[in-house]
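Explain how the helices in this structure pack against one another. Go through the geometry of each pair and then the residues that form the contact.

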Amino acid sequence: MPDLVKFIQGNQVVVEAALYAGLDFYAGYPITPSTEITEHMATRLPQIGGKFLQMEDEISSICAIIGASLTGHKVLTATSGPGYSLMQEGLGYAIMAEIPCVIVNVQRGGPSTGLPTGPSQGDVSQARHGTHGDHAIIVMTASNHQDIFEITVEAFNLAETYRTPVILLFDEVVGHMREKIILPEKGKLPLVERLRTSVKKGVDYHPYLPREDGRLPMSDFGSEHRYNVTGLAHDMWGFPTSNPGVVHGLMHHLVDKINNRVYTIEKHKEYYLEDARTILISYGASARSALHVVESRRRRGERLGLLELQTLWPFPFGMIREKCENARYVVVVEMNMGQILEPVKMSLPPDKVFLINRVDGVFITPTDIRNMLRIIHGKGV
Amino acid sequence: MPVKDYIRERFFPHIWCSGCGHGIILNNMLRAVEELDMDKSDIVMVSGIGCSARISGYVDFHTLHTLHGRALAFATGVKMSQPKLKLMVPMGDGDALAIGGNHFIHAARRNIDMTAIVMNNRIYGMTGGQFSPLSGYGTLATTAPYSNIDHNFDVVALAQAAGASFVARTTTFHARQITDLIKQAIEHRGFSVIEILSQCPTYFSRKNNMGGQIEMMEWYKNNTTRIGSKAKQENPQLIERGIFVQRDMPEYCDEYDKVIEAAQK
C-alpha cells in the first residue's frame, strides 16, 4: 500500500499511528481534549479485530490495558489532565511490574478541572514525578502531525524495548488541529515486537531476571510459563520480597534501564543552531510558534535558532549543554510556569536562560515570542 | 487431592494468621479447580491488596497481584484481550466494595465472564482492624472505637442489582459448599459473585468478642441457613446460603465479537 495523504486531527493521528505500531487493545474514558482518541479507537479497533473498552473511569482504563499487555498485546490509553492524575496509581504499577504500555495525555489547562478546552503544557513535571516512589520514565511529545505519527510509533517501540510505560504528552492545540499528514507505508517505520522468552516449558522461567543487554523477555499470560506479577518489591520470579539486597537491585534496575540510556532514547529536532546567538528551546504546539519566529527572523539575518525537544524525560541535560554552549541567550518557550525552564537552567549557566510563556489558556503566538525577545535582547518593549 | 500440584511451595509458609478463614477458601478453591479438571495454564488469578489478595501468590496459575480495589479492572483487560482464559478474582471486603466498589458494580453490569470471590472477614486485617463496608452497624474496630455507625452493603443484593448473572453466598464452615459454588461459578458464562464469610479471629473477633476461630465458625453454622429454608421463615435474622441468582444473559466478550462482526461488514 502506498503512502496515504490525509487531512485529520492530531488525536486521530495518534490512533492511526498506534494501529500502525501494532496496537490491538484500547481502554479509555472520555475527557476533553483527548476524547477523539477514544472515539476513533471505538470505530477502528473492531475493524481490525482488536478490542475497545470504555471503562468506568481512568483508573480502571489503565488497569485494563496493563492486564491486556500481559496477554501479549500492544496497548494504549488516552486521557487529559484530571484523568491523568487518576492514572498515577496504575502508572506506578506498570513501572514496578515492568509492563509495556503507552499512555497519552492531551494536556489542558489545570490544576483540577482547570480549562478543559484551553491549551496548556502544565503536566510536564507531573509526567516526570506524578506517581509516588523513585522511578524513571520516558515522556515524549511532538509539534505536528507527521511527528505525532512517528513519535507515537516510537513510544510503542520504547515500551517494548525497555518493558516500561511510555507517556505521550501532547496538547490541546496539536490534538484538535487538523493538518496534512502522509501516513507512511507499512514497513517504512521500524517496529519493535514483544520479546518473548525462549525458555522451554518445564524449565524455571525468571520473568524479572534481565539478560546481559538489560532486556527482560516476557511470557504471555495463558502460555506455558505461569508466574507472579505484583506491584510489591519482588525477586526474579516476581514474588514479593523485602530483602534489602534484592530491593536495592530492583530499584537500580528500574531507574538505570532508562536513565543510563538517555542518548539512545532521546529525540529532538534542530533548526539553524550552527551559528545561533539566541536559541529557543520549545516543544509541542509552542514549538510551532517558536519555529515561525525563528524562520521569519532568519530572513532578516538575525542569528536565531530552535531546539525542539521531542523527549522531555529522561531530560537530555548533556545534549542541551552541547547544543547551547555557544549561544548568548537560551530562551525556553512553553505554556506553563517554567517546567522545562528548570532542567534547562540546571544544564547551563542560569543567567543566560530565559522564559517566554503563557499560562492563561491562550495559545502562545509568534507575536508573543517576538515581543518578549525584544525585552530579553534589551531592545525595549 | 495432591495439593502440591496446585501451589507454589517455594512461597510458603503463607502470611495468614492462625485460625484465619482464608486458608479454607484457598483449599476449596483448589479442590474446585481439580474437580473441574482445569488446565492450570488456562487460569489467571487476579487479586487486589489485603490479606485475601495474597492468595494469588500461593497458587500455580498465571497470577496478577494488583492494586487495592482494582483487581476486577485488571481482570477485565486480561479477559477481554484473551477470552479463552478463565479468570478468578478473589478479593477482600474492603478491597471489593470500598475502594473497588465502582469496579465491582461495573464488572457486574457488563456481565463479563469471570468469577469474583468476596472473602468477607468484615475488617481490614492487613492494616490492623479498621471497619470495612461489610463490618456492619454497631460493630467495633480500631476506627470505630465507640461503635460503627456505617451500615453494611448486602453483597448479594448489590451484585444482583448491578447485573451479575450468578450470585451465591456461603461460609468457611460450609467448606464443601465453597467447592461446589466455585465450580458452578466457574462453569457459569458471565459475571459470577460468591460471597464467602471468612473468620478473622485476630482483629474482627478480638474487637467484637466473637471468640476464637472455632467459636466464629460455630457462629456461621448457627446463624446461616439454606436459601428459603423453614428456619429462615421462623428466624428472619438468619443469613441465607446458596445460589441466589443464576440467569442466562449475554456475556460481554461474546457481545464484543458481534461488534467486531458488524465493524467488518
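What follows takes two helix pairs in turn. The model is a predicted one.

The first pair is made of helix α1 (residues 10-21) of chain A and helix α7 (residues 145-162) of chain A. Their axes lie 8 Å apart, and the two helices pack at an angle of about 40 degrees. Angles under 35 degrees would count as roughly parallel, and α1(A) and α7(A) are therefore oblique to each other. The crossing of this pair, α1(A) with α7(A), is right-handed.

On the α1(A) side, the contact is formed by A:G10, A:V13, A:V14, A:E16, A:A17, A:A18, A:Y20 and A:A21. These residues meet A:H145, A:I148, A:F149, A:T152, A:V153 and A:F156 of α7(A). Sorted by class, the residues of the contact between α1(A) and α7(A) are 10 nonpolar, three polar and one charged.

The second pair consists of helix α3 (residues 58-70) of chain A and helix α5 (residues 88-97) of chain A. Here the packing angle is about 20 degrees, with the axes 8 Å apart. At that angle α3(A) is roughly parallel to α5(A), because angles under 35 degrees are classed this way. The crossing of α3(A) and α5(A) is right-handed.

From α3(A), the residues in contact are A:I59, A:I62 and A:I66. Helix α5(A) contributes A:E89, A:G90, A:L91, A:Y93 and A:A94. The contact of α3(A) with α5(A) comprises six nonpolar residues, one polar and one charged.

Definitions and conventions:
Residues numbered from 1 in each chain as written. Chains lettered and ligands numbered in written order. Predicted model: local features only at pLDDT ≥ 70, side-chain atom pairs only at ≥ 80, totals over all residues. Heavy atoms only, no water. Axes fitted to C-alpha atoms, helices over the stretch in contact; angles between N-to-C directions. Helix = DSSP H or I, 4+ residues; strand = E, 2+ residues; numbered from the N terminus. Parallel < 35°, antiparallel > 145°, perpendicular 65-115°, else oblique. Left-handed = near helix turned anticlockwise from the far one by under 90°. Contact = heavy atoms within 4.5 Å. Nonpolar A, V, L, I, M, F, W, Y, C, P; charged D, E, K, R; others polar.
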